[in-house]
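Student: I'd like to learn how to read a structure like this one, feature by feature. Can you walk me through it?

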Amino acid sequence: MAATDDVTILIPGKLHPHAVGRISEAFNVVTAERADPTLLSDDERARIRGAAVMTRVDAAFIDALPNLEIVASFGVGYDHVDAKHAGSAGVMVTNTPDVLTEEVADTALGLLLNTVRELPKAEAWLRAGKWVKDGNYPLTRGTLRGRSVGIFGLGRIGQAIARRIEAFGLPISYHNRRPVEGVDYTYYPTLVDLARNVDTLVSIAPGGASTEKAINAEVLAALGSNGVFVNIGRGSTVDEDALAKALADGTIMAAGLDVFADEPNVPEGLLKAENASLLPHVGSATVHTRQAMADLVADNLFAWFERGEVMTPVAETRDVPLPTR
Ligand code: NAP
Ligand code: 8YV
């Protein structure tokens, strides 16, 4: 009998089919529409020892599962999981870092180019027959030439974005809560200082209380009228009303957004902004990378229940003791 045979894993809401397949082959699986204890029987709540999730997991849900040991979350960002509470309740939380870093950085550069050079609009011009009827697409005001790029969140993905920006020949600076050792880019201790000293701000910061609406009217004003803002981190880090206003009144020149505060709903003010390039959260969305993320979700569960190990614990649960198997 395998170590996983008598272990029950909950899969609430949607999860990548490759993760569902690998988990279902080895564990007993319980599914529910969302992570809501009222959707589970008393017997299920008592049996569940692990969860594989892409949805919100709050403190009440963690507390309602007396034998929960581990929450394996799909995605590197885990702001949908109350990891602090999990840590204090002795529940391990894992995420999927590294395997998506280069993919998301590629997307960030694509979004930056789309925003500055209006490439989606130029393609729409061709497809609408305007090249034939009206001639060349108008020259773009925006260019990457001469720009200076600031990165909000110089972590794994931020550094991969920076490496790409270096190849574009542009100077780089950044803001984190603390400077990163071993990098030469200019550090600014506040986001508004960073925005004041660059004209292109790329945000790849995580969501959560410490970054909530950090990109606000003051930061956008500091970026200035030639300013380009790209967000591929989390929508919650932006005051979206302030951004829509800054795009409409010329406080900044343009924005490229892959993430929104209330996905999949995009505020009307951003939808109607001609100077915004919008993507439906596709940063990591390739077959290759999503499969690697799904594997890491499953691998964390196997490591925990077979060997008493964990591969990619989040910071808040690093001190949760490993089980003896
Ligand atoms: P990471 O390595 O943990 O990097 C996060 C960086 O943000 C760190 O350098 C951290 O530095 C900084 N940071 C965190 N809180 C901050 C705060 N309050 N103020 C200033 N800086 C702060 O994570 P990653 O792997 O690069 O991923 C970053 C985020 O990208 C994820 O959390 C996720 O939200 C987003 N993401 C989006 C997509 C997409 O599809 N659009 C895909 C993957 C990831 P300090 O701790 O020193 O402050
Ligand atoms: C995923 C992401 O699309 O990893 C993250 O933090 O934002 C994306 O890679 C997302 O987590 C899945 O919904």
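## Reading the ligand site, the strands and the odd torsions

Tutor: Sure, and keep in mind that this is a predicted model. Let's start at a ligand: a polar side-chain atom of His281 lies 2.8 Å from an oxygen atom of ligand 2.

Student: Which other residue has a polar side-chain atom 2.8 Å from an oxygen atom of ligand 2?

Tutor: That's Arg290, whose polar side-chain atom sits 2.8 Å from a ligand 2 oxygen. The backbone takes part too, with an N or O atom of Gly77 lying 2.8 Å from an oxygen of ligand 2. As for cover, ligand 2 taken alone exposes 330 Å², and the protein buries 83% of that.

Student: Which residues surround ligand 2?

Tutor: From the earlier part of the chain come Phe74, Gly75, Val76, Gly77 and Leu100, and the list goes on with Arg234, His281, Ser284, Arg290 and Met293. Sorted by character, this shell has four nonpolar, four polar and two charged residues.

Student: On to strands. Is β1 mostly covered or mostly open?

Tutor: Mostly covered: β1 spans residues 8-12, and five of its five residues are buried. Look at where the residues point, too. Thr8, Leu10 and Pro12 go one way from the strand, while Ile9 and Ile11 go the other way, and all are buried.

Student: How do I think about the pairing of strands in a sheet?

Tutor: The general idea is that strands of a sheet pair through backbone hydrogen bonds, and they do so either parallel or antiparallel. Here, β1 pairs with β2 (residues 28-32) in the parallel sense, over five bridges. To find the register, look at Ile11, which has Thr31 of β2 as its bridge partner.

Student: Which helix belongs with β1 and β2 in a β-α-β unit?

Tutor: Helix α1, residues 17-26, and the β-α-β unit it makes with β1 and β2 is right-handed. β1 also pairs with β3 (residues 48-53), again in the parallel sense, through three bridges. In that pairing, Ile9 stands opposite Gly50 of β3.

Student: There's a sheet made of seven strands as well. What is their order?

Tutor: Read across, the order is β8-β7-β6-β9-β10-β11-β12, an open sheet with parallel pairing. Its edge strands are β8 (186-187) and β12 (276-278), each of which pairs on one side only.

Student: How many bridges join β11 to β12?

Tutor: Three, with β11 (residues 254-257) running parallel to β12. One pair to pick out is Gly256, whose bridge partner in β12 is Ser277.

Student: Now backbone torsions. Which peptide bond is cis?

Tutor: Check omega: the bond from Glu263 to Pro264 is cis, with omega near 5 degrees. You'll find Pro264 in the loop between β11 and α12 (268-271).

Student: And phi? What is its value at Asp98?

Tutor: Near 70 degrees, a positive value in a residue other than glycine. Asp98 sits in the loop between β5 (92-94) and α5 (101-117). With 48% relative accessibility, Asp98 counts as partly exposed.

Student: Where is Lys213 found?

Tutor: Lys213 is in the loop between β9 (200-203) and α10 (217-223). Its phi is near 50 degrees, which is again a positive value in a residue other than glycine. Lys213 has a relative accessible area of 45%, so it too is classed as partly exposed.

Conventions: Residues numbered from 1 in each chain as written. Chains lettered and ligands numbered in written order. Predicted model: local features only at pLDDT ≥ 70, side-chain atom pairs only at ≥ 80, totals over all residues. Heavy atoms only, no water. Near = heavy atom within 4 Å. Polar contact = N/O pair within 3.5 Å; in protein donor to acceptor, adjacent residues only side chain to side chain. Areas by Shrake-Rupley, 256 points an atom, 1.4 Å probe, with all protein chains shown as cover. Nonpolar A, V, L, I, M, F, W, Y, C, P; charged D, E, K, R; others polar. Buried < 20%, exposed > 50% of the residue type's maximum accessible area, 1.4 Å probe, protein only. Helix = DSSP H or I, 4+ residues; strand = E, 2+ residues; numbered from the N terminus. Pairing = 2+ DSSP bridges. Right-handed = clockwise from strand over helix to strand, strands pointing away.
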